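Take a moment with the sequence, then turn to the 3D view. Follow the chain from one end to the other before reading on.

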Amino acid sequence: MSQQQLADAVEVTRQTISAIERGDYNPTINLCINICKALGVTLNDLFWEG
């Protein structure tokens, strides 16, 4: 999934997704949950190494 596709799915800008990936932006818990739903992963999968 591209940054733009994810951004569209969670209703933010591509720049927001890019900033999250770089660690320059801390998303709200609601945005985190929406990202997880869009990607089909859990919060643990997305944010913590296993």
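What follows is a walk through the helices, the core, the cysteines, the loops and the aromatic rings.

Start with how far to trust the picture. This is a predicted model. The protein chain averages a pLDDT of 94. In that chain, 98% of the residues score at least 70. Confidence is highest in α1, at 98. It is lowest in helix α4, residues 43-47, with a mean of 88.

Now look inside. The largest nonpolar core has 7 residues. They are L6, A7, V10, I17, I20, L31 and I35. Three helices each supply at least two of these residues: α1 (3-10), α2 (14-22) and α3 (29-39). Which helix gives the most to this core? The answer is α1, with 3 residues. One general rule is useful here. In soluble globular proteins, nonpolar side chains tend to be buried together.

Take α1 next. Its buried residues are L6, A7 and V10. Look down the axis of α1, and these residues fall within an arc of 100°, so they line one face of the helix. What covers them? The cover over the buried residues of α1 includes α2 and α3.

Move on to α3. The buried residues here are L31, C32, I35 and C36. Seen down the axis of α3, they fall within an arc of 140°, so they too line one face of their helix. The cover over this buried set includes α1, α2 and α4. Now turn to the face of α3 that points away from the buried side. It carries the exposed residues N30 and K37.

I35 deserves a stop of its own. It sits in helix α3. Is I35 buried or exposed? Its relative accessibility is 5%, so I35 counts as buried, the cut-off being under 20%. Which residues does I35 touch, leaving aside neighbours within four places in sequence? The contacts are L6, V10, I17, I20 and L46. Four of these names, L6, V10, I17 and I20, also appear in the list of core residues. Another pairing shows how the fold brings distant parts of the sequence together in space. I35 and A9 are 26 residues apart in sequence, and their C-alpha atoms are 8.1 Å apart.

Two cysteines belong to the buried side of α3: C32 and C36. C32 has a relative accessible area of 8%, so C32 is buried. C36 is buried as well, with a relative accessible area of 5%. Why is there no bond between them? The sulfur of C32 is 6.8 Å from the closest cysteine sulfur, which is in C36, and that is too far for a bond. A disulfide needs the two sulfur atoms within 2.5 Å. The structure holds 0 disulfides.

Next come the places where helices end. E11 comes just after α1. It lies in the loop between α1 and α2. The phi of E11 is near 60°, a positive value in a residue other than glycine. E11 has a relative accessibility of 73%, so E11 counts as exposed. Now find the end of α3. G40 follows this helix, and the phi of G40 is positive too, near 70°.

The loop between α2 and α3 holds T28. Is T28 buried, partly exposed or exposed? With a relative accessibility of 47%, T28 counts as partly exposed. T28 and G40 are 12 residues apart along the chain. Their C-alpha atoms are separated by 18 Å.

Finish with the rings. How many aromatic pairs does a search of the whole structure find? It finds 1. The partners are F47 and W48. Their ring centres are 6.3 Å apart and their planes stand at 70°, so the pair is edge-to-face. F47 is partly exposed, with a relative accessible area of 38%. W48 is exposed, with a relative accessible area of 56%.

Conventions:
Residues numbered from 1 in each chain as written. Predicted model: local features only at pLDDT ≥ 70, side-chain atom pairs only at ≥ 80, totals over all residues. Heavy atoms only, no water. Core = buried A, V, L, I, M, F, W, Y, C linked by side-chain atoms within 4.5 Å. Buried < 20%, exposed > 50% of the residue type's maximum accessible area, 1.4 Å probe, protein only. Helix = DSSP H or I, 4+ residues; strand = E, 2+ residues; numbered from the N terminus. pLDDT = per-residue confidence, 0-100. Arc of directions from axis to C-beta. Contact = heavy atoms within 4.5 Å. Phe/Tyr/Trp six-rings, centres within 6.5 Å; stacked < 30°, edge-to-face > 60°.
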